[in-house]
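Hi there,

I hope your week is going well. Here is the structure I promised to pass on, with my notes below it.

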Amino acid sequence: MRLEKRALIVLLLSSVIANVGVVLAQNATVNVDACPGYNATNVSNIRNGFKADLVLAGKACNVYGKDYERLSLTVTYETDNRIHMKIVDPSNSRYEVPESVFPRPKSWDGNRDSPNINFRYTKSPFSFSITRKSTKEVLFNTTGYPLVFEPQYLRVKTSLPTNANIYGLGEHTNSFRLPSDNTVRTLWNRDAYGVPNSTNLYSDHPVYFEHRTTGTHGVFLLNSNGMDVKLQTVNGGTTLEYNVIGGILDFYFLAGPSPVDVAKQYAAIAGLPAEIPYWGLGLHQCRWGYKDYYEVAQVVANYSAANIPLETMWTDIDYMYERLVFTNDPQYFPLAKMREMVSDLHARGQQYIMMVDPAVGVKPGVSGAYDRGQALGGVWMKNPDGSDFHGLVWPGVTVWPDWFNPKTPTYWENEFRLFFDPATGIDIDGAWIDMNEPASFCMYPCSDPSAEAISQGLPPSRTSPPPASTLSLPIGTSVPSLTSNLLKRDNMYTNVLNPPYAIHHAADNLSARTAFTNVVHSNGLIEYDTHNLYGTMMSSATRDAMAKRRPGLRTFIITRSTFAGAGAKVGKWLGDNLSTWWHYRSSIAGMLNFAALFQVPEVGSDICGFGDNTTETLCARWATLGAFNPFYRNHNADTPIPQEFYRWPTVAQAARNAIDMRYRLLDYFYTAFHQAHLDGTPVLQPLWFQYPKDANTYGIDMQFLFGESILVSPVTQENVTSVSVYFPNDIFYDFKSYAITNGAGATVDLSKIDYTEIPVHIRGGVVLPLRVSSAYTTKQLRKKDFELVVAPDRSGKASGSLYIDDGVSITQAKTYTARYTYSGKQLKVSTKGSFDVGGLKYCTVKVLGVQSAPSSVSLNGHTLASSAIAYNSTSHSVAVNVTQALTSSFTLKWT
């Protein structure tokens, strides 16, 4: 009765569109900037901040609903670098993002007497600004732009510097630096095939960084409702305006002042990124359309035959019986053969991942997952009348788990336990979750899902005969060697299906191709408020289910739909892109958004493109660019041509070359991931993160830094072998030849770049720990020795670090850390930790930028024989054979 009563309230509110004292017909002509706004009264101090009442300052505008007459403002200096501002309705408890989905920071140590940013306000009419203490700059300023707060329309507007450098507000395929003139960033998660430019995509991250030559700051609006964020420049003045269709105003302002500082400060709110298993950084292969288990196994064998390192094999929905989640087709993917294949992969040191969709087919007696959910009383999302909400996905008519239902986590964990049981099921190593916006194929208003399933041919029929039951797997077991409790919120919404303010949603209705916005959760919350949380809540439930399968081990989960904070649990792929050069280029900005800004570091695009046919040259270039994606996976759809790396000689060689670089750098990158987990330092960075005063870097999104010290500058045009590379005023070294480039803050044209290569440079000032050679699997790689490459900056100094653990455990009993410092022609290596690194050693130290051969080199005070020293006059580098145990601390000095 309780759920039905709440649902009835939602249903009634959805139908009350008429007489609410609002003339909605005037919406198009109302100048919102002329609305009265509010006056601040009853200002009083609280711990580390203050609170006030906001009272409507004049005749209501009622632009998209009835203006609230009274609001409550709270401002808290949570840390010296973070201000938290909330504006709520004091009379009714409106929807807020639940604490269980987005935990709030618990530690407050701010002091309003000595912060690095200040909250200033004017009482009448109320406006506020955020100012930087050190420079007196105004960072956020609502003066002249009245606050509007209505049941389904919240508006905050700030002035910005002309041509402001704004980044974030994803997910999108716009340029990394957002255009400041007539840009609308819409946040409403959707199934977005082709990831079209300037539209809302799969994820919702309402945070932006603004960068100036004087510093960087961040603004985060914790709100999961649909919204438009508008960047406009009118008469030389630039503004940013939030238009939100529900919830509350819950802002966090982050002081910086450096870009990396802002990233760390946002991580303190959104959650530090999860540590991933070491093997997760290897090469992954997938395709939608592998017709049976034998074809999957043959792909693994073909990678071995082509001598292209493959770490993890994936399978899309093809394995399912009639596309039903938690089933396998007994003819095409029989359980015995699947278990044999996974066993062989594990014996080779490789991994296996399978797709899991949220939609559960309504097939009583056929879908065990559906029957078990029904037996629990129905753990599905509901219509306002309390019946199950039905949509349409691959198996036909479906229901969706309600992640707010307290029974759902146990249900989901049990499904994973049964189907992926190591002893009796398919022993996966990670999970891939898709369609979790949630996506539906049923066309709105979806009045007859069963009829639509028939007309759309769902579930699709198999088009090839099953494999012979006598086939033997072509894999083998060897690999080649290489050189809180929630409350119902009474939001006073008048129409959740067609809200009075229409955000710039790419579909024609908020409920189009997804769960309807009036769908009700077990705790009374509705999809209108929580839609953008669905993917992240599924991610969390899947992570917990995987963790219970393998207690104590890190999970590896890749999702499509995310909300702020998702990186604390899972990784993300950039969705269903196309095999075009535009998508190749835009993938760089996409992963920079997630890795550098949104704190989702394990991110990457579908290498070579998902939809349409790739070409040999595009796939070759993308194989090399992909090697510098944190998440490196070749994946495409069922109808384009196959695109595994071994399909073309050029692509195969490009992949070998790129993987060789990636794997030699893998411990450098793994160390960066560990640092991200500790403090939020981004694993990928745009150039302006390291060169914040160089205005030429602010718009660059065709180059990026892999870690803080590896500059990646891919060729970005079709059928060319050259690229224009921007080198800041710094020293750089070619990764392969060690040739020096003295950057002058200018563009340099690089030519004769073979299709199998990618320009990569070492940024001066780093000591790089590299494996001496690559390997076929990361398990083999961990047995390879190290070399140190010292790339001094212009002052002759460099530093670096190396972190090693067992690569899989959540809690590490023992770890290993090395610190490297180089100055005055002297390298000091200091180590600590008791993790067993076996017999691993440092074989060689290479020092770059050495203009003449050293006259003498000593190791721990002992002069080395000349045979241990090799000087290269072409690359101006010296290589010293040191042969020191990885556990040893030592000093190398030369004159």
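To start with a small puzzle: which residue follows helix 13, and what is the sign of its phi? The residue is Gly 680, and its phi is positive, near 90 degrees. Before you read on, please keep in mind that this is a predicted model.

Let me stay with that helix for a moment. Helix 13 covers residues 666-679, which makes 14 residues. From its first C-alpha to its last it reaches 20 Å, close to the 20 Å expected at 1.5 Å a residue. Since 10 of its 14 residues are buried, helix 13 is largely enclosed by the rest of the structure. Among the buried ones are Tyr 668, Phe 669, Tyr 670 and Phe 673, and the list also includes Asp 667 and His 674.

Now for the chain as a whole. The protein chain has 15 helices and 48 strands. A compact globule of 895 residues would have a radius of gyration near 29 Å, and the 28 Å of the protein chain agrees with that. Its C-alpha trace spans about 90 × 75 × 50 Å along the principal axes. Of the 895 residues, 63% count as buried. The accessible surface comes to about 30,700 Å², and carbon and sulfur atoms account for 51% of it. If you plan to look at charges, there are 76 positive and 77 negative side chains, with the centres of the two sets 6 Å apart.

Next, one of the sheets. It is an open sheet of 9 strands with parallel pairing, in the order 27-26-25-24-20-19-18-29-28. Its edges are strand 27 (603-604) and strand 28 (606-607), each of which pairs on one side only. Further in, strand 18 (residues 283-285) and strand 29 (residues 632-634) run parallel and are joined by 3 bridges. Leu 283, for instance, has Tyr 632 in strand 29 as its bridge partner. As a general reminder, strands of a sheet pair through backbone hydrogen bonds, either parallel or antiparallel.

One last residue to look up: is Leu 768 buried or exposed? Leu 768 sits in strand 38, which runs over residues 766-771. With a relative accessible area of 0%, Leu 768 is buried, the cut-off for that being under 20%. Asp 694 is 74 residues away from Leu 768 along the chain, and their C-alpha atoms are separated by 25 Å.

Happy to talk any of this through whenever it suits you.

Best wishes

Note on methods. Residues are numbered from 1 along each chain as its sequence is written. This is a predicted model: local features need pLDDT of at least 70, side-chain atom pairs count only at pLDDT 80 or more; totals for chains, interfaces and linings use all residues. Side-chain values use heavy atoms; hydrogens and water are left out. Helices (H or I, at least four residues) and strands (E, at least two) are DSSP runs, numbered from the N terminus. The radius of gyration is taken over C-alpha atoms; the globule rule is 2.2 Å times the number of residues to the power 0.38. Buried means under 20% relative accessible area, exposed over 50%, partly exposed in between (1.4 Å probe, protein chains only). Accessible areas come from the Shrake-Rupley method with a 1.4 Å probe; for residues, only the protein chains shown count as cover. Lys and Arg count as positive and Asp and Glu as negative; His and the chain ends are not counted. The place of a charge is taken as NZ of Lys, CZ of Arg, CG of Asp or CD of Glu. The expected span of a helix is 1.5 Å times one less than its number of residues. Two strands pair if DSSP finds at least two bridges between them.
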